[in-house]
Amino acid sequence: MKPNNDLESNSDRPRGFWSDNIAGVSPEVIAAVAACNAGQALPYGNDDLTRSLERRFADVFEHEVDVYLVSTGSAANGLALAAVTPPWGSVLSHADAHINRDECGAPEFYTAGAKLIQLPGKAAKIDLDALTVNATRMVGDVHSVQPSSVSITQATEVGSVYTLDEIGAISAICQSAKLALHMDGARFANALVALGCSPAQMTWKAGVDLVSFGATKNGTLGVDAVVSFRKDIASALAFRRKRAGQLSSKMRFMSAQMHAYLQDGLWLHNAAHANDMAKALARGLASIPGVEIQQVPEANILFCRLPMRLIRGLIDMGFGFYHDRWEPGIVRFVTSFSTTAEDVAELKRAAFDLVDSAGAISGVEV
Ligand SMILES: Cc1ncc(COP(=O)(O)O)c(C=O)c1O
């Protein structure tokens with residue numbers, strides 16, 4: 001059986017809210033890739049663009065860093081977790097974490113078999129009591145995996161954002177139990193602008209050891225990074241990346257994307273726009289009878305409950321979004337830097353047209 005990767009759409013030009021990675025690429029990033037196409041450059045990261053990238057990240061984070069560019073967020077997560085979790089260790093994360101639900105076992109693969117421990121918590125954020133209990137569970141018992149790291153997703157899979165205090169509280173538990181703290185920042189910029197703080201405040205100042213720094217969902221063509229604040233894992237990460245087939249020979253093209261992404265605040269501008277669009281969508285849908293907003297979006301993801309017939313109606317009109325991954329009626333809308341106010345208005349108008357004032361769906365087969 002072929003793995004299912006299909007998206008449901010009834011239009012040649014779907015108006016998509018499936019994910020932020022259905023967006024194109026920021027023109028500045030395309031221009032930077034084109035610009036570095038002239039002439040030759042040394043391979044495997046020995047080119048000037050890659051060499052200068054670490055300095056650029058150090059400036060962004062106000063801290064010395066080691067940066068490892070990779071082609072996907074799953075690779076960044078797997079490599080980062082492997083660097084701080086032995087095969088007999090465990091990674092503590094929220095049950096809804098991407099590493100747990102959506103990476104096809106990549107963290108287990110990269111760590112050579114470490115166990116993922118699923119923790120509960122509201123709004124996809126790890127519950128502190130559950131973390132405290134599990135952080136020291138069976139430590140020293142040779143029959144049990146050893147707690148080694150904690151992974152938090154910022155922004156979370158439901159569009160919520162950990163506050164600095166919440167990250168600090170998790171980090172305090174990590175420090176007392178000697179666990180590494182990893183941040184899955186596939187939507188790092190979205191969380192950052194939502195909090196209005198600095199990258200340093202959201203990471204190492206709050207006790208984060210290493211970050212999967214996402215860029216692909218927010219304007220690049222295809223590059224994410226592992227950013228580590230810990231010197232002791234740097235050389236292991238370099239070897240791990242090569243062994244994982246993630247050391248790109250023409251790395252200058254990845255580095256060019258990342259430079260352009262970080263240049264003149266493009267990453268923050270893109271993320272702020274995506275977040276604004278999610279908020280506008282939430283406001284628009286909240287006024288429609290029968291629609292229930294599950295979680296007010298702090299970043300660029302919106303979960304709602306919609307009448308089933310409204311879901312079908314929207315899909316029939318060519319709108320695209322995930323709706324069959326959770327309980328019936330639960331829908332996820334994701335906005336991106338390329339979502340326009342008109343896209344949002346169209347969806348809202350369409351939903352209004354499908355719902356009459358009494359909340360019944362008109363013109364759609366039951
Ligand atoms: C929270 C989170 N982490 C990581 C990823 C990385 O995904 P990919 O391997 O598709 O780049 C995603 C993508 O959907 C995500 O939503």
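**Close-up 1. His98, Arg187 and Lys217 meet oxygen atoms of the ligand.** In this predicted model, a polar side-chain atom of His98 lies 3.3 Å from a ligand oxygen atom. For Arg187, a polar side-chain atom sits 3.0 Å from an oxygen atom of the ligand, and for Lys217 an N or O atom of the side chain is 2.6 Å from a ligand oxygen. (A polar contact here is a pair of N or O atoms within 3.5 Å.) Of the 390 Å² of accessible area that the ligand has on its own, the protein covers 78% (Shrake-Rupley method, 1.4 Å probe).

**Close-up 2. The shell around the ligand.** Twelve names are worth finding on your screen: Thr72, Gly73, Ser74, Asn77, His98, Glu103, Thr153, Glu157, Asp184, Ala186, Arg187 and Lys217, each with a heavy atom within 4 Å of the ligand. Helix 3 (residues 73-84) gives the largest share, 3 residues; helices are DSSP runs of H or I, at least four residues. By class, the shell has 1 nonpolar, 6 polar and 5 charged residues, with Gly counted as polar.

**Close-up 3. Ser148 in strand 5.** Strand 5 spans residues 146-153 and holds Ser148 (strands are DSSP runs of E, at least two residues). Ser148 is buried, because its relative accessible area is 11% (buried means under 20%, with a 1.4 Å probe and protein chains only). Its side chain reaches the backbone oxygen of Gln146 at 2.7 Å. Leaving out residues up to four places away in sequence, Ser148 touches Val84, Thr85, Pro86, Gly89, Ser90, Lys178, Leu179 and Ala180 (heavy atoms within 4.5 Å).

**Notes.** Residues are numbered from 1 along each chain as its sequence is written, and side-chain values use heavy atoms, without hydrogens and water. Local features need pLDDT of at least 70 and side-chain atom pairs count only at pLDDT 80 or more, while totals for chains, interfaces and linings use all residues.

Technical notes: A polar contact is a pair of N or O atoms within 3.5 Å; within protein, one must be able to donate a hydrogen and the other to accept it, and residues adjacent in sequence count only if both atoms are side-chain atoms. Buried means under 20% relative accessible area, exposed over 50%, partly exposed in between (1.4 Å probe, protein chains only).
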